[in-house]
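Visitor: Could you take me through one part of this structure up close? I'd like to see how one helix packs against its neighbours, and then how that fits with the rest.

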Amino acid sequence: MNSDATYSRPPESHERESAGRYSLLRLLREGLGGQRGWSRAWHKAEPRPRYRVVIVGGGGHGLATAYYLAREFGIRDVAVVERGPIGLGNVGRNTTIIRSNYFRPENIRFYDYSLRLWQSLERELNFNAMVSQRGTLNLFHTESQRDLFTRRANQMRLLGVDAEAVGRDSLRELVPLIDLDNGRYPVLGGFLQRRGGTVRHDAVAWGYARAASALGVDIIEHCEVTGIRRDGARVSGVETTRGAIMADTVCLAVAGHSSQLAAMVDLPLPIETHVLQAFVTESVKPVLDVVLTYGAGHFYVSQSDRGGLVYGGATDGYNSYGQRGTLPMAEEVAAAALTVMPSLARLKVVRQWGGVVDMSMDGSPIISRTPIDGLLLNGGWCYGGFKAIPAGGMTTAHLIATGNPHPLAAHLSLDRFASGRTVDERGLGPFPYAH
Amino acid sequence: MLRINCPWCGLRDEIEFRYRGDAQAQRPAASAGPNAFTAYVYERSNRRDWHIEWWLHVGGCRRLLKIERHTLTHEIRAVADNAEQS
């Protein structure tokens with residue numbers, strides 16, 4: 001039925017199913033009209049045979065990249081192909097924390113750019129992502145840890161990013177549930193970044209998808225990439241379960257499975273895939289209004305608007321593609337939780353899940369060209385990818401559109417490992433399971 | 001919970017062990033050049049399949065074991081002491 005000419009023309013934005021602009025007035029009108037006027041938030045596209053850009057992976061970074069390509073660079077001939085439905089990978093599995101409290105200056109600049117984009121995201125996307133700058137509070141428990149955190153806070157302040165020391169008395173007021181005088185790990189103080197906080201993670205995927213779709217981006221679900229086509233040294237498209245899709249540029253944004261996709265073009269990556277778990281307790285009245293991290297073990301927690309405490313810890317510690325997680329780490333994280341907030345022992349854990357993450361060999365992400373012309377990589381996010389979605393999307397879109405790395409992400413190139421310019425935030429050396 | 005059948009100690013829980021990574025990375029000869037060393041230090045096969053890896057029985061015999069485990073199902077099909085497999 002459809003001729004190639006019909007297929008190769010991107011649909012005009014007015015042809016798209018679109019929910020229109022969301023507003024308070026619209027909410028009132030729909031409320032009075034029985035909520036029957038809403039339509040799909042984004043257009044479920046069928047694959048066309050050719051695009052200028054194909055982005056593999058409909059998660060946070062893939063959708064954000066597509067949105068910024070269309071919005072900032074005017075490139076709308078873009079497809080996002082996703083193996084399942086969008087937003088069910090790591091963008092829907094994380095603990096929703098945003099912050100920019102890093103030590104290395106290039107990391108501070110990159111993550112703070114992301115934080116600034118989060119601050120204006122909802123207005124820009126016309127979507128309620130529940131961005132809540134409730135503050136992130138890092139506890140320290142030893143004198144040397146105080147020195148380390150002070151050094152980091154000073155570095156942040158030198159670059160104009162907020163960080164403040166919090167003494168024990170203020171901590172007692174800020175989070176009454178902390179056991180400050182724990183026998184083994186007494187809390188000596190903390191550092192607070194007030195602009196940090198949480199964002200509703202599903203809404204990030206939906207908001208970017210809706211805004212990208214409205215600008216003409218095709219979001220193609222249930223379309224698994226099974227091969228990457230090459231024409232000599234250049235990428236020419238992808239093979240999918242719904243047929244071949246040709247493209248001038250292919251961008252992989254499949255963190256957790258980057259190695260799998262790169263193996264299709266025999267490209268080894270400095271990445272191991274590990275599983276990271278997250279947990280939610282039953283809902284209780286408000287008890288915690290910051291994002292809290294424990295300093296004597298790996299544990300971070302915030303309270304969702306529904307009332308559940310959302311928390312997580314470290315990766316399970318060995319290579320795994322199993323999106324579930326195992327019991328020893330669940331127990332270790334719970335033990336850390338009870339050490340810092342013993343009263344949590346009364347709560348039941350109602351949900352637990354695992355996501356598989358790209359653990360890079362220096363603990364920093366990769367936004368880069370690859371040795372194959374036209375094939376780009378956005379991956380290696382370890383377990384810090386969620387907070388970086390806006391900056392990751394913007395800088396990846398910049399790389400696709402201009403062919404050159406964005407100045408804020410130039411340090412994240414793939415060739416940094418061979419040239420010795422690794423971005424080892426914590427100075428741990430080449431261990432993917434240590435970050 | 002993984003259960004690892006240590007050749008010296010018998011079937012033990014994973015919490016007695018510490019993971020030491022991919023056992024197939026081979027240190028190149030000193031003259032092999034920077035590319036070979038970059039690959040050895042940084043690049044990983046990262047297979048979604050059977051994976052040969054090091055586990056140190058730190059809470060038991062303290063021997064380094066070479067284990068073949070599936071990275072999707074976590075099933076373990078071979079465990080050997082490092083000394084047995086030169």
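Guide: Start with helix 3 of chain A and helix 10 (residues 389-402) of chain A, which pack at an angle of about 55° with their axes 9 Å or less apart, namely 7 Å. Scrap my "9 Å or less": the figure for this pair is simply 7 Å. An axis here is a line fitted to C-alpha atoms, for helices over the stretch in contact, and angles run from 0 to 180 degrees between N-to-C directions. Helices themselves are DSSP runs (H or I, at least four residues), as are strands (E, at least two), and both are numbered from the N terminus. The whole thing is a predicted model, where local features need pLDDT of at least 70, side-chain atom pairs count only at pLDDT 80 or more, and totals for chains, interfaces and linings use all residues. Residues are numbered from 1 along each chain as its sequence is written, while chains are lettered from A and ligands numbered from 1 in the order in which they are written.

Back to our pair: helix 3 of chain A and helix 10 of chain A are oblique to each other, because angles under 35 degrees count as roughly parallel, over 145 as roughly antiparallel, 65 to 115 as roughly perpendicular and the rest as oblique. Their crossing is right-handed, meaning that the near helix is turned clockwise from the far one by less than a right angle (anticlockwise would be left-handed). Among the residues that meet are Gly60(A), Tyr68(A) and Glu72(A) from helix 3 of chain A, and Gly392(A), Met394(A) and Ala397(A) from helix 10 of chain A. Two residues are in contact if their C-beta atoms, placed from the backbone, lie within 7 Å. By class, this contact has 11 nonpolar, 6 polar and 1 charged residues. Ala, Val, Leu, Ile, Met, Phe, Trp, Tyr, Cys and Pro count as nonpolar, Asp, Glu, Lys and Arg as charged, and the others, Gly among them, as polar.

Now for another partner. Helix 3 (residues 60-73) of chain A also packs with helix 7 (residues 201-214) of chain A, at an angle of about 30° with axes 9 Å apart. That makes helix 3 of chain A and helix 7 of chain A roughly parallel to each other, and they pass in a left-handed crossing. Leu63(A) and Ala70(A) are among the residues that helix 3 of chain A brings, and Val204(A) and Tyr208(A) among those from helix 7 of chain A. This contact has 11 nonpolar, 1 polar and no charged residues.

His201(A), in turn, is in contact with Asn94(A), which also touches Ala278(A), Gly355(A) and Phe386(A), leaving aside neighbours within four places in sequence. You'll find Asn94(A) in the loop between strand 2 (78-81) and strand 3 (97-98) of chain A. Asn94(A) counts as buried, with 25 C-beta neighbours inside 10 Å; the cut-offs are 20 or more for buried, 12 or fewer for exposed, and partly exposed in between. Helix 2 (residues 24-32) of chain A is hardly covered, with 0 buried residues among its 9.

Then there's the partner chain: 22 residues of chain A are in contact with 17 residues of chain B. That side of chain A divides into 13 nonpolar, 8 polar and 1 charged.

How far can you trust it? Chain A has a mean pLDDT of 94, where pLDDT is the predictor's confidence in each residue, from 0 to 100. Residues 1-9 of chain A stay under 50, though. Where pLDDT is low, the predicted coordinates should not be read in detail.
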